[in-house]
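Dear colleague,

I am passing on the structure below, together with an account of what came out of going through it. Please keep the model open while you read.

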Amino acid sequence: MTTLGIIGAGNIGSQLARKAVQNGFDVVISNSRGPHTLAELITELGPQATAGTTLETAEAGDIVVVTIPLRNIGQIPTAPLAGKVVIDTNNYYPQRDGNIELLDTESATVSGLLQGHLADSLVVKGFNHIPAPEISTDGTAPGSPGRRALAIAGDDDQAKAFLVDLYDRFGFDAVDVGTLDDSWRIERDQPGYGPRQNADQLRAAVAGAVRDKNSR
């Protein structure tokens, strides 16, 4: 059985934990305040879930989700994540994260920053452009009319293939937007960020993304 490690137990992390348990994964989840603060969530999730420290979560997860404020990614341990697929759900909010020059000048992407920190991991972008509650409510069976689609971006085919499968198990189609360098196409303020879209609609939104803020 695959263990999904989730670093960050906020809105996205807790919803992913619920979906993972429903789909047969073991889950280890952490937050910045300590495992004891997750007792209520762990009781809800049941025996397939445990709380741990960030280090324990990184070590235990076969696949690990990073879903913490972008300003804190430097605190993610690197050694236990070497060689592992890491799903990055993060978005850049200057009012929360402070200004990050590489992002303000559009010289980097959010997921590219995480990949730079986790140089030996296989980072793939996912789950960043869907409102967190809809992770639990919008999934439908394969082939359902208008099935919601979610984007992926990454440099490694293995990581992408895992996320495509995970999306499908959680009830979503996948749209590949390219490499981590292309992941800006699904970042905040782009047309694919937020609304419910099927695969064709999401592909059109991604195609219409514009990086130069001055030309929007």
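A word on terms comes first, since the loops discussed below are placed by the elements on either side of them: helices (H or I, at least four residues) and strands (E, at least two) are DSSP runs, numbered from the N terminus. Please also bear in mind that this is a predicted model.

With that numbering, Asp189 falls in the loop between strand 8 (173–176) and helix 9 (199–207). Its phi is near 80°, a positive value in a residue other than glycine, and Asp189 is exposed, because its relative accessible area of 52% lies above the 50% cut-off for that class. Glu106 can be set beside it, as a residue that is not a glycine and yet has a positive phi, of about 60°. Glu106 sits in the loop that links helix 5 (101–104) to helix 6 (110–117), and it counts as partly exposed, because its relative accessible area is 21%, whereas buried would require a value under 20%.

Turning to the whole protein, there are 9 helices and 8 strands. The C-alpha atoms fill a box of roughly 50 × 40 × 30 Å along the principal axes, and the radius of gyration of 16 Å agrees with the value near 17 Å that a compact globule of 216 residues would have. Of these 216 residues, 51% count as buried, while the exposed surface comes to about 9400 Å², of which carbon and sulfur atoms supply 49%. Where contacts join residues at least 6 apart in sequence, 63% of them link residues at least 24 apart.

The strands form an open sheet of 8 in the order 3-2-1-4-5-6-7-8, with mixed pairing. Strand 3 and strand 8 stand at its edges, and each has a single partner strand, so one side of each is left without a neighbour in the sheet. From one strand to the next, the twist averages 25°.

The pairing can be followed in some detail around strand 1 (residues 3–7), which runs parallel to strand 2 (residues 26–30) over 5 bridges, with Ile6 standing opposite Ile29. Strand 1 is also joined to strand 4 (residues 63–66) by 4 bridges, again in the parallel sense, and here Gly5 faces Val64. Strand 2 is mostly covered, with 4 of its 5 residues buried, and 3 bridges connect it to strand 3 (residues 49–51), the two running parallel; one of the bridge partners is Thr50 in strand 3, which is matched with Val28.

As for the connections, strand 1, helix 1 (residues 11–22) and strand 2 make up a right-handed β-α-β unit. The chain then crosses from strand 2 through helix 2 (residues 39–45) to strand 3, and this β-α-β crossover is likewise right-handed.

Two helices may be worth viewing against the sheet. Helix 6 lies across strand 4, strand 5 (85–88) and strand 6 (122–125), and it runs at about 165° to strand 6. Helix 9 lies across strand 7 (149–154) and strand 8, with an angle of about 45° to strand 7.

With best regards

Definitions and conventions: Residues numbered from 1 in each chain as written. Predicted model: local features only at pLDDT ≥ 70, side-chain atom pairs only at ≥ 80, totals over all residues. Heavy atoms only, no water. Buried < 20%, exposed > 50% of the residue type's maximum accessible area, 1.4 Å probe, protein only. Pairing = 2+ DSSP bridges. Right-handed = clockwise from strand over helix to strand, strands pointing away. Axes fitted to C-alpha atoms, helices over the stretch in contact; angles between N-to-C directions. Contact = heavy atoms within 4.5 Å. Rg over C-alpha atoms; globule rule 2.2 N^0.38 Å. Areas by Shrake-Rupley, 256 points an atom, 1.4 Å probe, with all protein chains shown as cover.
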